[in-house]
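Opening the notebook on a new model today. I'll jot down what I look up as I go, starting with backbone oddities.

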Amino acid sequence: MNSIWELETFYRKRDIVIIGSGFSGLWTAVSVKEKYPEKSVLIIERNTIPLGASTRNAGFACFGSLTEVIADSQKMGWEKTLELVKMRFDGLQKIRRYFKNDEIDFELNGGFEILNSNEPLQQLDTVNAKLKGITGLDTTYFLNQKKIKEFGLGKSEFLIENPCEGSLHSGKLLLKLLEKCYELKVEFLFGTEVKDIDEKMNEAEIHLSETLSLKADQIIYCTNAFSSKFLEKEEIIPARGQILLTEPVEGLKLKGTFHYDEGFYYFRNLGNRVLLGGGRNQDFKTEETTDFETTEFLQDHLESFLKKVILPHQEIKISLRWSGIMAMGSEKTPIVKQLSERQFCAVRLSGMGVALAPKIGEMVVEMI
């Protein structure tokens, strides 16, 4: 049984409760408090720190490689694709407005894509013309063959550069967002799992255990890949992204963020180490999981990619291996909608949570 002190403080009724403290949950809280500073906002997180994809990603500040944009336009049409690219691009600009580069280790070293076919190059002018209204550049993507040798990517046939992209430290970005939330008087309950939601006529009750609950006027789900428990009718497919990080590599030439095969492979330098992730398309079914384990099959595959494409003819030691859980669907458009009188969601960020979350927060606030 809880004390009166707990019930009237930590577990008191709030105006808005956000479930999930990853990038989408934190940016949503910031957006709510900036528009409605008088509203009380509580974030409930079942883990001791933000988890899922936010602290488990590769730290890319990107909005889409050339082949990814082409593939999306063929699947969703140009209108939806450009809308999505604009959200990502604007989200990255918002991050840079809120936080200094050295606070989040942001580096604008460019985004690159390795191509082993000239077919996507035929659409380079078309894609650049479409994206000019978003990036302001005549050539968002351009061929830069001289950097193949400069980066030590000798086995690559073509290299596309995008000067608008970069990298950041996901953990430091989350810490700065937490600081911003505390500054705005957002409250938190970490290590607390939501068991059930009971929506009533004049409020919603959030059950944390058999004997403990708290109430809210409105609830926002920011649980991304872990949303199926609450959003059974929405198409949310978990997608595990496995990553490895090398030991320091002497004389590493690599600098920037890199994509290969429509973004299914992604790698970057982290100082003088190489961070590599992806390969999910080699084993789609196994990787449709919320299990944070890594698999021998995919880790071996990533090591092979590392030795063949990124660091050929070098002895490499692996320092760390981990995985994060993304949320996918048949389309990459995020789900931001009102679910009922008092419940809303901002989920399914399709592996682009770093860039999308700042704008997702603004969208859901317009709904409440």
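**Entry 1: positive phi.** I started at Asp105, which comes out partly exposed, with a relative accessible area of 31%. This is a predicted model, so I keep in mind that local features are read only where pLDDT is at least 70. Asp105 caught my eye since its phi is near 55°, a positive value in a residue other than glycine. I placed Asp105 in the loop between H4 and strand E4 (111–115).

Why bother noting the sign? Most residues other than glycine have a negative phi.

I then went to Glu262, another residue other than glycine with a positive phi, here near 60°. Glu262 sits in the loop that links strand E13 (257–260) to strand E14 (265–270). Its relative accessibility is 36%, so I put Glu262 down as partly exposed.

One further case: Lys185, just after H7, takes a positive phi of about 70°.

**Entry 2: helix H7.** Lys185 sent me back to the helix before it. H7 covers residues 170–183, 14 residues in total. From first C-alpha to last I get 20 Å, close to the 20 Å expected at 1.5 Å a residue.

Which residues of H7 are buried? I listed Ser170, Leu173, Leu174, Lys176, Leu177, Leu178, Lys180 and Cys181. Two lysines are in that list, Lys176 and Lys180. For the spacing I recalled that an α-helix has 3.6 residues a turn, so residues three or four places apart point the same way.

What do the buried residues of H7 pack against? I found helix H2 (23–35), helix H4 (78–98) and strand E8 (187–190).

**Entry 3: H2 against H4.** Both helices turned up as partners of H7, so I checked how they sit relative to each other. Their axes come within 14 Å and cross at roughly 70°. H2 and H4 are therefore roughly perpendicular. The crossing of H2 past H4 is left-handed. On the H2 side I noted Trp27, Val30, Ser31 and Glu34, which meet Lys94, Ile95 and Tyr98 in H4.

**Entry 4: cysteines.** How many disulfides does the structure hold? I count 0. Why no bond at Cys62? The closest cysteine sulfur to that of Cys62 is in Cys164, 12 Å away, which is too far for a bond. Seen from Cys164, the closest is Cys62, again at 12 Å and too far. Cys62 is buried at 6% relative accessibility, and Cys164 counts as buried at 18%.

Definitions and conventions
Residues numbered from 1 in each chain as written. Predicted model: local features only at pLDDT ≥ 70, side-chain atom pairs only at ≥ 80, totals over all residues. Heavy atoms only, no water. Disulfide = S-S within 2.5 Å. Buried < 20%, exposed > 50% of the residue type's maximum accessible area, 1.4 Å probe, protein only. Helix = DSSP H or I, 4+ residues; strand = E, 2+ residues; numbered from the N terminus. Expected span 1.5 Å × (residues − 1). Contact = heavy atoms within 4.5 Å. Axes fitted to C-alpha atoms, helices over the stretch in contact; angles between N-to-C directions. Parallel < 35°, antiparallel > 145°, perpendicular 65-115°, else oblique. Left-handed = near helix turned anticlockwise from the far one by under 90°.
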